[in-house]
Amino acid sequence: MVATTSQTVVVAGGSLAGHRVVAELARHGFAGDVVWVRGPEGTAPYSRPALSKELIQGKVTRDDIRLPGLDTHGLRLRVVDHAVCARLDPDDDRVLVTPTHEAPAEPSDGEWIPFDALFVCTGTRARLPEAFAGLPNVHCLRTLADAERIKERLPGRPRTVVVGAGLVGNEIAASLRSCGLPVELVVQGRLPMDTVFGEDLGRFCLDRHHANGVTTRLLTTVTGLSATEPDGPVVLTFDDGGQTCADLVVLGLGAVTACEWLHGSGLDVSDGLGCDEALRTARPNVFAAGDIANWRHPVFGRRMRVEHWSNASAQARHAVESWWAGLEGREPAPFAEVPYFWSDQYGLKYQMVGHARGHDEVSVERIGADGYPFVTYFREGRVVAAAGVNAPRAVMRMKARIQSEATTIQGAYAG
């Protein structure tokens with residue numbers, strides 16, 4: 001039995017990974033203090049995938065997407081909202097927590113909280129180029145507040161330009177078009193989502209946008225945004241010399257990790273927060289989970305970060321288990337969950353399992369009554385990923401296959 005009643009755990013981050021860490025501590029019977037620093041939003045955790053889909057389309061409300069309340073059992077939980085972890089002491093096990101509504105006068109202002117274990121779940125934030133910041137009618141989509149600001153504009157049926165064709169960009173374009181808005185999608189590459197799915201599903205996605213009335217601008221980069229009136233239309237200029245005008249611009253330019261507060265802590269923050277296969281950082285009582293965690297995946301034999309909802313939950317559970325194993329004197333297991341994500345667009349469900357980056361061969365089939373493409377990705381003859389449309393059973397069968405080949409792949413890529 002682990003004596004934990006006198007220990008303090010700090011959980012940094014208020015999204016799914018942080019929520020799940022607290023839940024797992026309670027499930028393990030941790031009976032000490034938990035300080036949960038939930039960040040600047042000041043809201044209870046919610047389902048982030050719903051923002052670009054059901055919430056924007058008005059199918060659910062903010063209350064509908066709240067994560068379930070926590071049963072804390074015997075642990076003593078202190079929730080700190082409108083505050084962030086601003087610094088990790090490099091010489092001591094403590095974090096500086098500062099409120100977000102006022103800038104600290106001195107770097108040391110705030111509350112230093114000592115910890116026995118720290119779980120870093122601060123995730124990512126939307127990437128917003130400095131030149132695009134501060135313009136009215138230009139929005140990112142990362143938080144509930146972002147989604148609600150966009151949603152407030154929809155009754156006016158604004159002409160909308162979506163910049164960026166990753167998952168968020170494609171989902172918001174599909175959702176806004178489903179709401180009846182005129183939508184143009186700016187794609188930096190040749191096809192939407194081709195960096196994720198490759199050519200065949202990227203072509204399929206492009207065709208669905210066109211069939212639903214979205215106009216697209218391919219192989220184009222936005223070089224400038226400007227507005228002549230505070231609430232007037234936004235002029236977008238492109239690297240090919242073209243221009244267009246929009247009442248509403250939504251940026252889907254990816255995300256950056258929220259780990260600047262860890263600089264100077266002695267931890268590896270070169271691409272997220274570096275940790276080992278068990279999600280431990282270089283400091284044995286500091287763990288990472290969710291979008292920020294950069295670990296070596298034992299199945300694929302390479303370091304990665306995974307910015308998907310299901311991964312955040314699974315990593316949070318595993319990080320707590322790793323800490324718990326250490327308390328009990330056991331060696332923790334590696335985190336080997338095969339990545340999985342989905343995307344809903346125009347009533348179709350895109351799904352992908354595995355890690356396709358670095359694949360050297362694909363196999364494309366047409367499956368189901370509608371003959372939608374199903375793509376299997378190989379690397380050196382082994383299945384590393386699969387993706388399909390409205391094919392949940394086929395996709396999940398491939399997840400089992402990827403996992404079953406793990407031992408072979410580990411042997412091939414171990415190093």
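Reader: How many of the 415 residues of the chain count as buried, as a percentage?

Author: The share is 51% of the 415 residues. Keep in mind that this is a predicted model.

Reader: What makes a residue such as His-139 buried rather than exposed?

Author: Buried means under 20% relative accessible area. His-139 has 14%, so His-139 is buried. The residue lies in strand E9, residues 138–140.

Reader: Which residues does His-139 touch, leaving out those up to four places away in sequence?

Author: His-139 touches Arg-149, Ile-150, Leu-248, Val-249, Val-250 and Leu-251.

Reader: Why is Leu-219 called exposed?

Author: The cut-off for exposed is over 50%. Leu-219 has a relative accessible area of 57%, so the label fits. Leu-219 sits in the loop between strand E12 (215–217) and strand E13 (222–226).

Reader: What is notable about the phi of Leu-219?

Author: Phi is positive there, about 50 degrees, and Leu-219 is not a glycine. Most residues other than glycine have a negative phi. Tyr-346 also has a positive phi, near 55 degrees, and is not glycine. Tyr-346 is in the loop between strand E22 (340–345) and strand E23 (348–354).

Reader: Why is Gln-57 called partly exposed?

Author: Partly exposed covers the range between under 20% and over 50%. Gln-57 has 25%, so Gln-57 is partly exposed. Gln-57 is in the loop between helix H2 (51–55) and strand E3 (76–81).

Reader: What lies in contact with Gln-57, apart from neighbours within four places in sequence?

Author: Ser-175, Ser-178 and Cys-179 do. Gln-57 and Ala-174 are 117 residues apart in sequence, with their C-alpha atoms 9.8 Å apart in space.

Reader: Where is Gly-29, and what is its separation from Phe-132?

Author: Gly-29 is in the loop between helix H1 (16–27) and strand E2 (33–39). Gly-29 and Phe-132 are 103 residues apart along the chain, and 47 Å separates their C-alpha atoms. With a relative accessible area of 38%, Gly-29 is partly exposed.

Reader: What makes a set of residues a nonpolar core?

Author: The members are buried Ala, Val, Leu, Ile, Met, Phe, Trp, Tyr and Cys residues, joined through side-chain atoms within 4.5 Å. The largest such core here has 86 residues. Leu-25, Val-95, Leu-118, Phe-119 and Tyr-377 touch the most other members. Helix H7, residues 309–327, gives the most to this core, with 7 residues. A second, separate core has 26 residues, including Leu-51, Ile-150, Ile-172 and Ala-173.

Reader: Which residues is Leu-25 in contact with, beyond its neighbours within four places in sequence?

Author: The list is Val-9, Val-11, Phe-30, Val-34, Leu-75, Val-320 and Trp-323.

Reader: How many helices and strands does the chain have?

Author: There are 9 helices and 26 strands.

Reader: How do you know that the chain is as compact as a globular protein of that length?

Author: Compare two values. The radius of gyration is 22 Å, and the globule rule gives 22 Å for 415 residues. The two are close, so the chain is as compact as a globular protein of that length. Its C-alpha atoms fill a box of roughly 60 × 55 × 35 Å along the principal axes.

Reader: What percentage of contacts join residues at least 24 apart?

Author: The value is 62%, among contacts between residues at least 6 apart in sequence.

Definitions and conventions
Residues are numbered from 1 along each chain as its sequence is written. This is a predicted model: local features need pLDDT of at least 70, side-chain atom pairs count only at pLDDT 80 or more; totals for chains, interfaces and linings use all residues. Side-chain values use heavy atoms; hydrogens and water are left out. Buried means under 20% relative accessible area, exposed over 50%, partly exposed in between (1.4 Å probe, protein chains only). Helices (H or I, at least four residues) and strands (E, at least two) are DSSP runs, numbered from the N terminus. Contact means heavy atoms within 4.5 Å. The radius of gyration is taken over C-alpha atoms; the globule rule is 2.2 Å times the number of residues to the power 0.38.
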